[in-house]
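Subject: Structure handover

Hello,

Here is the structure I said I would pass on. Please open it beside this email, and my notes follow below.

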Amino acid sequence: MKVLFVCLGNICRSPTAEAIFSKLALEEGVMDQLEVDSAGTNGFHIGQSPDPRSIKYAAKRGIDITPLRGRLIDRADFERFDLVIAMDNENVRQLTALCPEAMQGKINLLLSYARRCNYREVPDPYYGGAREFELVLDLIESGCRGLLDQLVIDGFVSISQHLQVRSHV
């Protein structure tokens, strides 16, 4: 299963989602069944490191996003990835405009997978402070947990394989 997380510039929300989802998948022992990446809908930050505040607040939770670099989504991504997960409705609009019509079913909002969440979109923290970056981390973690659970329920990843391997160690 190949999952692509998308936000505006690929320096705050989507690299954070890539790292959180990868960490959760690694903890569940299913990372070998997944390919995870992130991209932005604009090219302002191509090749740049994530925002220093995103790095700082993610690190406080044991998540390292420093190796990630901003990149621009392209049409080939819709063929390469099974799911294209957007942070907000504007991202969905931009993705839908770029995506071939036959593949638009791959596009979804991250928080559509979150459980017990009062938000529909992950707000862009770029012009905010500590509170906004912490909120984004909370929302992304909730959405990523729900997404991973849904992939297990739908049979795209199998945690039971991991549990069987662990029981023999």
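**The sheet**

In β2, the residue standing opposite L4 is D37. That pair belongs to the pairing of β1 with β2, which is parallel and has 6 bridges. Before going further, please keep in mind that this is a predicted model.

β1 also pairs with β3. Strand β1 covers residues 2–7 and strand β3 covers residues 83–86, and the two are joined in the parallel sense over 4 bridges. On this side L4 stands opposite V84 of β3, and V6 has A86 as its bridge partner in β3. L4 therefore has D37 opposite it in β2 and V84 opposite it in β3, with a general rule about strands to come further down.

From β3 the sheet goes on to β4, and these two strands run parallel with 3 bridges between them. Here V84 stands opposite I107 of β4. The chain gets from β3 to β4 by way of helix α4 (residues 89–98), and this β-α-β crossover is right-handed. A right-handed β-α-β unit is also made by β1, α1 and β2.

Put together, the strands form an open sheet of 4 with the order β2-β1-β3-β4 and parallel pairing. Its edge strands are β2 (35–40) and β4 (107–109), each of which pairs on one side only. On average, neighbouring strands in the sheet are turned by 25° against each other, direction ignored.

**What is covered in the strands**

How many of the residues of β2 are buried? The count is 5 of 6, so β2 is mostly covered even though it is an edge strand. (A note on wording: the "therefore" about L4 and the "so" about β2 are not inferences; the pairs and the count simply stand side by side.)

In β3, L83 and I85 point one way, V84 and A86 point the other way, and all are buried. This fits a general pattern: in a regular strand the side chains alternate between the two faces of the sheet.

**Helices α5 and α2**

Helix α5 (residues 130–153) lies across β1 and β3, and runs at about 155° to β1. G146 is found in this helix. Is G146 buried or exposed? G146 has a relative accessible area of 3%, which is under the 20% cut-off, so G146 counts as buried. Apart from neighbours within four places in sequence, G146 is in contact with Y113 and R115. Y113 is 33 residues away from G146 in sequence, but the C-alpha atoms of the two are 4.8 Å apart in space.

Helix α2 (residues 52–59) has S54, Y57 and A58 among its buried residues. These three cover an arc of only 100° around the axis, so they sit on the same side of α2. The general reason is that an α-helix has 3.6 residues a turn, so residues three or four places apart point the same way. The buried residues of α2 pack against α1 (13–28) and α5. At the N-terminal end, α2 is capped by D51, with a side-chain oxygen 2.7 Å from the backbone nitrogen of R53.

**Two loop residues with positive phi**

N10 lies in the loop between β1 and α1. N10 is not a glycine, yet its phi is positive, at about 60°. With a relative accessible area of 2%, N10 is buried. What does the side chain of N10 reach? One partner is the backbone nitrogen of R71, at 2.9 Å. The side chain of N10 also makes a polar contact with the side chain of S14, at 2.7 Å. Leaving aside neighbours within four places in sequence, the residues in contact with N10 include P15, S38, A39 and G40. R69, G70 and R71 are also in contact with N10.

R116 lies in the loop between β4 and α5. R116 also has a positive phi, near 50°, and is a residue other than glycine. Is R116 buried or exposed? R116 has a relative accessibility of 83%, which is over the 50% cut-off, so R116 counts as exposed. The two loop residues thus stand in contrast: N10 is buried, whereas R116 is exposed.

Regards

Definitions and conventions: Residues are numbered from 1 along each chain as its sequence is written. This is a predicted model: local features need pLDDT of at least 70, side-chain atom pairs count only at pLDDT 80 or more; totals for chains, interfaces and linings use all residues. Side-chain values use heavy atoms; hydrogens and water are left out. Two strands pair if DSSP finds at least two bridges between them. Axes are lines fitted to C-alpha atoms, for helices over the stretch in contact, and angles run from 0 to 180 degrees between N-to-C directions. Contact means heavy atoms within 4.5 Å. Buried means under 20% relative accessible area, exposed over 50%, partly exposed in between (1.4 Å probe, protein chains only). The arc is that of the directions from the helix axis to the C-beta atoms. A polar contact is a pair of N or O atoms within 3.5 Å; within protein, one must be able to donate a hydrogen and the other to accept it, and residues adjacent in sequence count only if both atoms are side-chain atoms. A crossover is right-handed if, with the strands pointing away from the viewer, the path from the first strand over the helix to the second runs clockwise.
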